[in-house]
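Work through the exercises below with the sequence and the structure at hand. Each task is followed by its solution.

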Amino acid sequence: MTYDPYPSYQPYPPQQPFPPRPAESPHRHRQPRHSALGHHSDLRILRSAYRWQRRTATLTALGYFLLFLVLSATAPSFMTSTVTDGLPTGLLLALLQLPVTWLAIALYEHTARRYVDPLADRIRRQAAVDAKREEAARR
């Protein structure tokens with residue numbers, strides 16, 4: 001018995017060619033393969049609005065914290081200088097992190113109410129209409 005390093009079998013079974021599509025008459029309207037549920041452009045707009053919302057709120061909070069860390073590491077003389085009697089700049093900037101975080105949360109909620117929620121409500125309403133239309137077509 002000899003060892004054949006190159007076997008003669010094919011790694012994949014042969015593929016059958018696709019059958020030709022039947023010619024459609026020009027007067028016949030083409031039926032959609034899928035329901036209209038989930039209008040892609042609306043979902044794309046919703047995703048981009050939600051993505052913008054997340055990035056803005058996250059970069060607001062994390063950006064301020066990163067600024068505080070960079071100043072702490074690179075400018076110790078600035079961070080130890082006093083703003084008022086006995087209040088160093090570093091402590092003031094550290095205490096301002098809480099209001100900046102609240103600002104990020106408020107920004108997130110504002111953009112949600114103004115941009116994201118109306119888009120989501122419109123998509124929900126359209127999905128309900130599409131579901132009713134599809135159910136009526138089944139009957």
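**Exercise 1: a charged patch**

Arginine 55 lies in helix H1 (residues 40-74); helices are DSSP runs of H or I with at least four residues, numbered from the N terminus. The model is predicted, so local features need pLDDT of at least 70 and side-chain atom pairs pLDDT 80 or more, while totals for chains, interfaces and linings use all residues. Residues are numbered from 1 along each chain as its sequence is written, and side-chain values use heavy atoms, without hydrogens and water.

Task: Classify arginine 55 as buried or exposed.

Solution. Step 1: buried means under 20% relative accessible area, exposed over 50%, and partly exposed in between (1.4 Å probe, protein chains only). Step 2: arginine 55 has a relative accessible area of 53%, so this residue is exposed.

**Exercise 2: leucines 96 and 98**

Task: State where leucine 96 and leucine 98 are found and classify leucine 98 by accessibility.

Solution. Step 1: leucine 96 is in the loop between helix H3 (89-95) and H4, and leucine 98 is in helix H4 (residues 97-138). Step 2: leucine 98 has 47% relative accessibility and therefore counts as partly exposed. Step 3: leucine 96, at 37%, is partly exposed.

**Exercise 3: a distance**

Task: Find how far apart the C-alpha atoms of leucine 96 and tyrosine 64 are.

Solution. The two residues are 32 residues apart along the chain, and their C-alpha atoms are separated by 9.3 Å.

Terms used. Helix = DSSP H or I, 4+ residues; strand = E, 2+ residues; numbered from the N terminus.
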